[in-house]
Amino acid sequence: MTGKLNIHSQDEFIMRVCSGRTTNYRDSLLLQFAIMFITLEGPEGSGKTSHIPHLVEYLREKGYHVFPTREPGGTSISEQIRDILHDLKNVEMHPHTETLLYQAARAQIVEQVIRPRLAAGEIVISDRYYDSTIAYQGYGHQQDLNEIRQLVKYATGGLVPDLTVLLDVDVKIGLKRKKQNGVEWNRMDAHEIEFYQRVRNGYLEMVKQEPERWVVVDASRDWDEVQDELRKLIIKHL
Ligand SMILES: Nc1ncnc2c1ncn2[C@@H]1O[C@H](COP(=O)(O)OP(=O)(O)OP(=O)(O)O)[C@@H](O)[C@H]1O
Ligand SMILES: [Mg+2]
(Lines give C-alpha, C1' and ligand atoms only; values in the text may rest on other atoms or scores of the structure.)
(Ligands and ions follow the chains in the order given, each with its own letter.)
Protein backbone atom coordinates (compact mmCIF):
# COMPACT_ATOMS: atom_id res chain seq x y z
CA MET A 1 0.00 0.00 0.00
CA THR A 2 1.28 3.47 -0.74
CA GLY A 3 -0.36 6.71 0.31
CA LYS A 4 -0.24 8.17 -3.18
CA LEU A 5 -2.32 5.41 -4.71
CA ASN A 6 -5.00 6.00 -2.10
CA ILE A 7 -5.01 9.75 -2.47
CA HIS A 8 -6.17 9.56 -6.08
CA SER A 9 -9.29 7.54 -5.31
CA GLN A 10 -9.97 9.61 -2.18
CA ASP A 11 -9.78 12.79 -4.26
CA GLU A 12 -12.68 11.53 -6.33
CA PHE A 13 -14.53 10.51 -3.19
CA ILE A 14 -14.02 13.98 -1.65
CA MET A 15 -15.19 15.72 -4.82
CA ARG A 16 -18.46 13.80 -4.62
CA VAL A 17 -19.00 14.16 -0.88
CA CYS A 18 -18.26 17.89 -1.00
CA SER A 19 -20.37 18.90 -3.94
CA GLY A 20 -22.61 21.75 -2.79
CA ARG A 21 -20.82 22.15 0.57
CA THR A 22 -18.52 24.92 1.84
CA THR A 23 -14.84 25.27 0.89
CA ASN A 24 -13.87 24.86 4.58
CA TYR A 25 -15.61 21.50 4.75
CA ARG A 26 -13.78 20.33 1.64
CA ASP A 27 -10.40 21.66 2.91
CA SER A 28 -10.73 19.86 6.23
CA LEU A 29 -11.56 16.60 4.45
CA LEU A 30 -8.59 17.04 2.13
CA LEU A 31 -6.27 17.56 5.11
CA GLN A 32 -7.65 14.48 6.82
CA PHE A 33 -6.89 12.41 3.75
CA ALA A 34 -3.32 13.67 3.15
CA ILE A 35 -1.96 10.16 3.61
CA MET A 36 1.76 9.98 3.11
CA PHE A 37 4.62 7.90 4.40
CA ILE A 38 7.72 10.05 4.70
CA THR A 39 11.11 8.81 5.89
CA LEU A 40 14.20 10.78 6.89
CA GLU A 41 17.54 9.15 6.25
CA GLY A 42 21.18 10.13 6.48
CA PRO A 43 24.41 9.48 8.33
CA GLU A 44 25.07 10.14 12.03
CA GLY A 45 24.45 13.70 13.15
CA SER A 46 22.80 14.75 9.87
CA GLY A 47 19.80 16.13 11.80
CA LYS A 48 17.00 13.56 11.44
CA THR A 49 16.00 13.40 15.11
CA SER A 50 16.28 17.13 15.76
CA HIS A 51 14.26 18.16 12.67
CA ILE A 52 11.28 15.80 12.99
CA PRO A 53 9.52 17.35 16.04
CA HIS A 54 9.61 20.79 14.39
CA LEU A 55 8.24 19.41 11.12
CA VAL A 56 5.45 17.66 13.00
CA GLU A 57 4.53 20.85 14.88
CA TYR A 58 4.55 22.85 11.64
CA LEU A 59 2.31 20.38 9.80
CA ARG A 60 -0.10 20.02 12.74
CA GLU A 61 -0.49 23.81 12.91
CA LYS A 62 -1.52 23.64 9.26
CA GLY A 63 -4.20 21.09 10.20
CA TYR A 64 -2.56 17.87 9.00
CA HIS A 65 -2.79 14.67 11.01
CA VAL A 66 0.81 13.65 11.51
CA PHE A 67 2.33 10.78 13.43
CA PRO A 68 6.11 10.73 14.09
CA THR A 69 7.98 7.54 14.75
CA ARG A 70 11.54 6.26 14.87
CA GLU A 71 13.60 3.21 14.03
CA PRO A 72 14.68 1.05 15.61
CA GLY A 73 11.88 1.52 18.12
CA GLY A 74 8.43 3.02 18.15
CA THR A 75 6.69 0.08 19.85
CA SER A 76 7.38 -1.59 23.19
CA ILE A 77 8.90 -4.67 21.51
CA SER A 78 10.92 -2.60 19.01
CA GLU A 79 12.27 -0.33 21.77
CA GLN A 80 13.50 -3.41 23.67
CA ILE A 81 15.30 -4.56 20.49
CA ARG A 82 16.71 -1.02 20.12
CA ASP A 83 18.29 -1.31 23.56
CA ILE A 84 20.06 -4.55 22.53
CA LEU A 85 21.24 -3.02 19.23
CA HIS A 86 22.57 0.15 20.87
CA ASP A 87 24.10 -1.35 24.01
CA LEU A 88 27.86 -0.65 23.91
CA LYS A 89 28.55 -3.88 25.80
CA ASN A 90 27.29 -5.94 22.82
CA VAL A 91 30.59 -5.47 20.97
CA GLU A 92 30.62 -9.10 19.81
CA MET A 93 27.36 -8.73 17.82
CA HIS A 94 27.76 -10.28 14.36
CA PRO A 95 26.50 -8.25 11.34
CA HIS A 96 23.96 -11.02 10.59
CA THR A 97 22.55 -10.76 14.12
CA GLU A 98 22.45 -6.97 13.83
CA THR A 99 20.67 -7.15 10.46
CA LEU A 100 18.04 -9.59 11.73
CA LEU A 101 17.38 -7.64 14.93
CA TYR A 102 16.71 -4.50 12.88
CA GLN A 103 14.23 -6.45 10.74
CA ALA A 104 12.46 -7.84 13.82
CA ALA A 105 12.04 -4.35 15.28
CA ARG A 106 10.90 -3.07 11.89
CA ALA A 107 8.32 -5.81 11.26
CA GLN A 108 6.68 -4.93 14.57
CA ILE A 109 6.44 -1.19 13.96
CA VAL A 110 5.20 -1.62 10.40
CA GLU A 111 2.33 -3.86 11.49
CA GLN A 112 1.54 -2.28 14.87
CA VAL A 113 1.94 1.41 14.01
CA ILE A 114 2.79 2.47 10.47
CA ARG A 115 0.15 0.56 8.47
CA PRO A 116 -2.68 1.34 10.93
CA ARG A 117 -1.75 5.05 11.02
CA LEU A 118 -1.67 5.28 7.22
CA ALA A 119 -4.96 3.38 7.05
CA ALA A 120 -6.43 5.94 9.48
CA GLY A 121 -5.50 8.70 7.04
CA GLU A 122 -2.43 10.12 8.76
CA ILE A 123 0.93 11.30 7.53
CA VAL A 124 3.63 9.14 9.08
CA ILE A 125 7.13 10.61 9.40
CA SER A 126 9.77 8.09 10.36
CA ASP A 127 13.25 8.80 11.71
CA ARG A 128 15.01 6.11 9.61
CA TYR A 129 13.39 3.11 7.85
CA TYR A 130 14.62 0.24 5.69
CA ASP A 131 17.03 2.38 3.64
CA SER A 132 19.11 2.60 6.83
CA THR A 133 19.52 -1.18 6.75
CA ILE A 134 20.65 -1.11 3.13
CA ALA A 135 23.07 1.75 3.94
CA TYR A 136 24.49 0.46 7.26
CA GLN A 137 24.12 -3.33 7.24
CA GLY A 138 24.51 -3.53 3.44
CA TYR A 139 27.01 -0.90 2.31
CA GLY A 140 28.54 -0.25 5.77
CA HIS A 141 29.15 -3.89 6.75
CA GLN A 142 29.65 -4.84 3.07
CA GLN A 143 27.07 -7.62 3.13
CA ASP A 144 25.31 -8.96 0.03
CA LEU A 145 22.86 -6.23 -1.01
CA ASN A 146 20.40 -8.61 -2.68
CA GLU A 147 20.13 -10.72 0.45
CA ILE A 148 19.63 -7.59 2.55
CA ARG A 149 16.89 -6.37 0.21
CA GLN A 150 15.06 -9.69 0.54
CA LEU A 151 15.16 -9.50 4.34
CA VAL A 152 13.93 -5.92 4.25
CA LYS A 153 11.06 -6.86 1.96
CA TYR A 154 10.05 -9.64 4.32
CA ALA A 155 10.18 -7.31 7.34
CA THR A 156 8.16 -4.51 5.74
CA GLY A 157 5.76 -6.67 3.73
CA GLY A 158 6.75 -4.44 0.81
CA LEU A 159 5.69 -1.11 2.37
CA VAL A 160 7.71 1.53 0.49
CA PRO A 161 7.81 5.20 1.58
CA ASP A 162 6.16 7.78 -0.69
CA LEU A 163 8.99 10.22 -0.04
CA THR A 164 12.45 9.69 1.42
CA VAL A 165 14.66 12.64 2.32
CA LEU A 166 18.40 12.14 2.49
CA LEU A 167 19.95 14.62 4.91
CA ASP A 168 23.38 14.55 3.37
CA VAL A 169 26.41 15.72 5.30
CA ASP A 170 30.12 14.95 5.45
CA VAL A 171 30.45 12.12 7.96
CA LYS A 172 33.15 13.92 9.97
CA ILE A 173 30.91 16.99 10.39
CA GLY A 174 28.00 14.80 11.50
CA LEU A 175 30.03 12.87 14.07
CA LYS A 176 31.58 16.12 15.37
CA ARG A 177 28.10 17.64 15.89
CA LYS A 178 27.06 14.66 17.98
CA LYS A 179 30.19 14.79 20.13
CA GLN A 180 30.02 18.56 20.61
CA ASN A 181 26.34 18.54 21.55
CA GLY A 182 26.54 15.56 23.91
CA VAL A 183 24.04 13.48 21.91
CA GLU A 184 23.71 9.91 23.28
CA TRP A 185 26.57 7.73 21.99
CA ASN A 186 25.72 4.10 21.21
CA ARG A 187 27.15 0.92 19.66
CA MET A 188 26.28 2.10 16.13
CA ASP A 189 28.43 5.22 16.68
CA ALA A 190 31.51 3.16 17.49
CA HIS A 191 32.66 2.15 13.99
CA GLU A 192 35.74 3.37 12.15
CA ILE A 193 35.34 6.44 9.89
CA GLU A 194 35.52 4.31 6.69
CA PHE A 195 32.32 2.52 7.77
CA TYR A 196 30.39 5.83 7.83
CA GLN A 197 31.91 6.87 4.52
CA ARG A 198 30.64 3.65 2.95
CA VAL A 199 27.23 4.38 4.51
CA ARG A 200 27.10 7.89 3.04
CA ASN A 201 28.25 6.69 -0.39
CA GLY A 202 25.67 3.90 -0.15
CA TYR A 203 22.90 6.43 0.41
CA LEU A 204 24.05 8.48 -2.58
CA GLU A 205 24.07 5.33 -4.71
CA MET A 206 20.52 4.50 -3.59
CA VAL A 207 19.36 7.99 -4.62
CA LYS A 208 20.75 7.36 -8.12
CA GLN A 209 18.96 4.01 -8.34
CA GLU A 210 15.54 5.37 -7.30
CA PRO A 211 15.56 9.14 -7.94
CA GLU A 212 11.74 9.42 -8.04
CA ARG A 213 11.43 8.51 -4.34
CA TRP A 214 14.39 10.45 -2.93
CA VAL A 215 15.10 14.13 -2.32
CA VAL A 216 18.61 15.10 -1.22
CA VAL A 217 18.95 18.01 1.20
CA ASP A 218 22.33 19.56 1.94
CA ALA A 219 22.43 19.15 5.73
CA SER A 220 25.81 20.84 6.15
CA ARG A 221 24.03 24.24 6.18
CA ASP A 222 22.60 26.08 9.20
CA TRP A 223 19.91 24.09 11.01
CA ASP A 224 17.23 26.75 10.28
CA GLU A 225 17.96 26.70 6.57
CA VAL A 226 17.65 22.92 6.49
CA GLN A 227 14.36 23.01 8.45
CA ASP A 228 12.99 25.61 6.04
CA GLU A 229 13.84 23.47 3.01
CA LEU A 230 12.33 20.37 4.64
CA ARG A 231 9.05 22.20 5.32
CA LYS A 232 8.84 23.46 1.75
CA LEU A 233 9.60 20.16 0.10
CA ILE A 234 7.15 18.21 2.26
CA ILE A 235 4.34 20.67 1.57
CA LYS A 236 5.16 20.43 -2.12
CA HIS A 237 4.79 16.65 -2.02
CA LEU A 238 1.54 16.51 0.00
N1 LIG B 1 22.43 21.82 10.37
C2 LIG B 1 22.91 21.71 11.61
N3 LIG B 1 23.78 22.60 12.10
C4 LIG B 1 24.27 22.48 13.34
N5 LIG B 1 23.96 21.50 14.20
C6 LIG B 1 23.09 20.57 13.78
C7 LIG B 1 22.52 20.62 12.47
N8 LIG B 1 21.70 19.56 12.32
C9 LIG B 1 21.74 18.89 13.49
N10 LIG B 1 22.56 19.49 14.36
C11 LIG B 1 22.88 19.05 15.72
O12 LIG B 1 23.67 17.89 15.62
C13 LIG B 1 23.33 16.97 16.65
C14 LIG B 1 22.92 15.67 16.00
O15 LIG B 1 21.70 15.88 15.31
P16 LIG B 1 20.57 14.78 15.31
O17 LIG B 1 20.55 14.03 16.59
O18 LIG B 1 19.30 15.41 14.85
O19 LIG B 1 21.15 13.83 14.14
P20 LIG B 1 20.64 12.43 13.66
O21 LIG B 1 20.63 12.51 12.18
O22 LIG B 1 19.38 12.06 14.34
O23 LIG B 1 21.84 11.48 14.15
P24 LIG B 1 21.82 9.90 14.44
O25 LIG B 1 21.80 9.23 13.10
O26 LIG B 1 23.09 9.64 15.12
O27 LIG B 1 20.61 9.61 15.28
C28 LIG B 1 22.19 17.58 17.46
O29 LIG B 1 22.71 18.18 18.60
C30 LIG B 1 21.64 18.64 16.50
O31 LIG B 1 21.07 19.73 17.18
MG1 LIG C 1 18.88 10.44 15.55
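Gln 142 sits out in the open in this predicted model: there are 12 other C-beta atoms within 10 Å, so Gln 142 counts as exposed. To find this residue, look in the loop between H6 and helix H7 (145-156). Its backbone is worth a glance too, since phi of Gln 142 is near 55°, a positive value in a residue that isn't glycine.

Now go back along the chain to Arg 128, in the loop between strand S3 (123-127) and helix H6 (130-140). Arg 128 isn't a glycine either, yet it has a positive phi of about 75°. Is Arg 128 buried or exposed? Count the neighbours: 22 C-beta atoms lie inside 10 Å, and the cut-off for buried is 20 or more, so Arg 128 counts as buried.

Next, the inside of the protein. In soluble globular proteins, nonpolar side chains tend to be buried together. Here, the largest nonpolar core is made of 45 residues. Which residues have the most contacts inside this core? They are Ile 38 and Ile 123. As for where the core's residues come from, helix H5 (residues 95-119) gives the largest share, with 6 residues.

One last stop is a peptide bond. Find Pro 72 in the loop between strand S2 (66-70) and helix H4 (76-86). The bond leading into Pro 72 from Glu 71 is cis, and its omega is near -15°.

Conventions: Residues numbered from 1 in each chain as written. Chains lettered and ligands numbered in written order. Predicted model: local features only at pLDDT ≥ 70, side-chain atom pairs only at ≥ 80, totals over all residues. Helix = DSSP H or I, 4+ residues; strand = E, 2+ residues; numbered from the N terminus. Core = buried A, V, L, I, M, F, W, Y, C linked by C-beta atoms within 7 Å.
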